[in-house]
Amino acid sequence: MHQPSLSSTLDSAVEAKLVSTASRSGRRSREAWEPYLYLLPAFIVFTIFVAVPVAGTVILSLTAWNGISWDTAEFIALENYTTAFRDDAFWSSLGNNLKLLPYFVILPAVLGLIPAVIVHQAKIRGAKIFQAGLFLPYIMPGVLIGVVWKWLLNPVFGPVNDLLERLGLPTRTWLGDFTWALPTVGLIGAWAAYGFCFVVFIAGLQKISTELYEAARLDGANGWQEFRAVSLPGLKREIAVVLSINLIGALRAFDVIRATTEGGPGFETRVLALYMIDVAFNANRAGYGSALAVLLAIVTLILSGIVLKLFGANDD
Amino acid sequence: MIKKLPIYALLLLGCVVAIVPFLVTILASLKTRTELVQGVLSLPEVAQWENYTTAWTQGNFDRFFVNSILVAVGVVVPSVLLSAMSGYAFARFRFRGSKFLFGYMLIGLVIPLQAMVIPLFYLLRELHLLDSLWALILPQIGMSMSFGTLMMRQAYLSIPREIMEASICDGASSWETLWKIMFPLSRPIVGTLGLLFFIWTWNEFLLPLVVNIDPQYHTLPVGILYFQQRWTSDIPVIAAGSTIIFTPLIVMFLIFQQQLVKAITAGAVKG
């Protein structure tokens with residue numbers, strides 16, 4: 001992806017060679033079909049189960065349809081979108097998505113970055129031993145994470161409140177509390193990702209030339225200046241990677257929320273995906289649900305675009 | 001050394017915070033309900049293995065587990081093979097429309113499942129595939145194609161082209177060159193790809209939640225959700241169910257750790 005020029009020269013070199021081989025053995029016409037045959041099986045499954053549903057979402061979003069029989073579908077152009085813009089539930093769900101972003105995207109990046117820089121600048125050896133443990137939550141299913149934390153945070157018999165009580169600290173109902181439910185879900189998300197961020201940043205720091213650090217030290221830079229002048233610019237690509245992955249990971253909020261609060265208490269933790277599923281399958285408004293899906297996709301794409309714009313990896 | 005001690009402590013703390021929820025879950029799965037309230041870190045007097053039997057039989061985890069394995073194998077093996085072929089098409093050949101088709105195959109990288117699950121449901125209904133393992137297997141093969149094609153194409157392009165040319169000059173067909181030379185030489189990436197496909201499939205939640213209502217076709221993530229709702233306060237049994245889900249992941253992770261960490265970082269491009 002990052003070396004289009006290299007791969008295309010490689011392509012044309014291989015092609016030139018292949019074409020000459022092919023024409024020499026007189027198999028040119030057969031060869032012309034071959035790539036399509038190799039592609040065909042993947043193309044078919046992909047088209048049926050990805051491309052058609054993607055197009056279907058856009059098409060359905062222009063209709064009013066109860067999801068039951070096809071002949072009840074009615075073309076209503078952009079009406080679903082205007083409905084969405086006037087729908088408080090849409091805005092509040094979208095708002096919850098946005099409120100969760102700092103927890104799912106930025107917090108784990110910061111929690112990973114700071115220790116990574118400290119560990120690297122102190123020249124700590126053997127950080128790798130901790131890698132396995134740190135990485136573990138990241139590969140777990142979101143539902144499982146939700147199930148486990150729902151127990152840990154249970155207000156009556158959960159270990160978290162138990163611990164707080166023993167320490168003489170105030171306890172809370174966490175996921176059942178109107179003020180705390182959303183931050184709690186967010187913290188669960190941050191917990192699941194910080195170790196992953198740390199591992200990516202440590203790997204990135206190790207790639208930065210030690211000469212740069214020595215030069216900074218000769219110039220009399222302190223730890224903070226070293227961080228600003230050497231580590232941070234050197235990690236630009238890793239920061240982009242981590243923020244992009246976390247952004248995609250933020251979609252996992254759906255799994256965590258479905259297993260913990262189911263959008264509650266009230267609608268405090270209802271995110272767009274939860275509302276969309278509810279609209280499409282419980283309220284039988286397939287058209288409106290699809291419009292919400294399109295809006296969700298657009299928001300995700302815009303945010304990814306912003307991350308790439310800010311930390312664009314095109315300068316390496 | 002003394003100066004470094006607090007930093008080691010910080011690392012240890014980060015690591016402990018990450019794994020403690022799993023450790024206490026395993027502990028809880030071996031306790032009685034009374035022992036559980038006595039303290040989360042206390043050891044059980046006698047390991048209560050019947051929590052697992054309860055989860056396995058009464059909680060239907062036996063079925064969910066088998067379903068999860070069947071779906072994982074049914075998705076991973078074909079996905080790897082189809083990607084091996086489609087990636088080959090783009091790495092070896094220049095053909096009319098190749099640029100367009102490559103871009104088309106990569107759409108899946110930027111569109112999340114949440115944005116296409118509604119029509120997918122109705123499509124599967126038309127195909128009479130709802131409430132079956134096919135409803136989980138076929139769409140997930142489709143969703144694997146973007147990342148798979150991209151990774152396999154890159155794998156082939158990183159092989160010195162003399163190797164492929166030598167094989168062609170020896171009179172091998174492109175098909176033989178693929179399966180006897182290119183595919184085996186790409187083994188590390190093939191392994192990584194299979195591993196990632198496995199984790200994504202094992203963890204998939206939204207798709208089975210939407211397309212399979214019949215509990216007979218649930219996989220573990222959906223299984224544990226309904227299970228938790230039914231056994232609300234029987235934490236040891238829920239903990240046993242959770243342990244059944246994450247143990248295979250932990251084992252795989254410990255075996256393939258280095259490879260996985262690299263792969264997931266590369267997974268940045270997956271949407």
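Two residues are in contact here if their C-beta atoms, placed from the backbone, lie within 7 Å. Keep that cut-off in mind for the tour. One more thing before you click around: what you have open is a predicted model, and it scores ipTM 0.91 and pTM 0.88.

**Stop 1: chain A**

Start by selecting chain A and showing it as a cartoon. You should find 14 helices and two strands. Chain A has 316 residues, and 44% of them count as buried. Now think about how the chain folds back on itself. Take the contacts in chain A with a separation of 6 or more: 72% of them are between residues 24 or more positions apart.

**Stop 2: chain B**

Hide chain A for a moment and bring up chain B. How many helices and strands are there in chain B? The count is 14 helices and zero strands, so to speak an all-α pattern when you read along the sequence. Zoom out to take in the whole C-alpha trace, which spans about 70 × 65 × 30 Å along its principal axes.

Of the 271 residues in chain B, 48% count as buried. Among its contacts between residues at least 6 apart in sequence, 78% join residues at least 24 apart. If you colour chain B by pLDDT, the average is 89, and 96% of the residues score at least 70. A general tip for the rest: where pLDDT is low, the predicted coordinates should not be read in detail.

**Stop 3: where the chains meet**

Show both chains again and select the residues that touch across them. You'll pick up 84 residues of chain A in contact with 74 residues of chain B. Which helix of chain A gives the most to its side? Select residues 28-60 of chain A: this is helix H2, and it supplies 19 residues. Colour the chain A side by class and you get 63 nonpolar, 14 polar and seven charged residues.

**Stop 4: one helix pair up close**

Next, select residues 88-121 of chain A, helix H4, together with residues 5-29 of chain B, helix H1. The two pack at an angle of about 145°, with their axes 10 Å apart. Is the crossing of H4(A) and H1(B) left-handed or right-handed? Turn the view and check: it is left-handed.

Finally, show the side chains where this pair meets. From H4(A) come Pro115(A), Ile118(A) and Val119(A), and facing them in H1(B) are Ile7(B), Leu10(B), Leu11(B) and Gly14(B). By class, this contact has six nonpolar residues, one polar and no charged.

Terms used:
Residues numbered from 1 in each chain as written. Chains lettered and ligands numbered in written order. Predicted model: local features only at pLDDT ≥ 70, side-chain atom pairs only at ≥ 80, totals over all residues. Helix = DSSP H or I, 4+ residues; strand = E, 2+ residues; numbered from the N terminus. Nonpolar A, V, L, I, M, F, W, Y, C, P; charged D, E, K, R; others polar. Buried ≥ 20, exposed ≤ 12 C-beta atoms within 10 Å, placed from the backbone. Axes fitted to C-alpha atoms, helices over the stretch in contact; angles between N-to-C directions. Left-handed = near helix turned anticlockwise from the far one by under 90°. pLDDT = per-residue confidence, 0-100.
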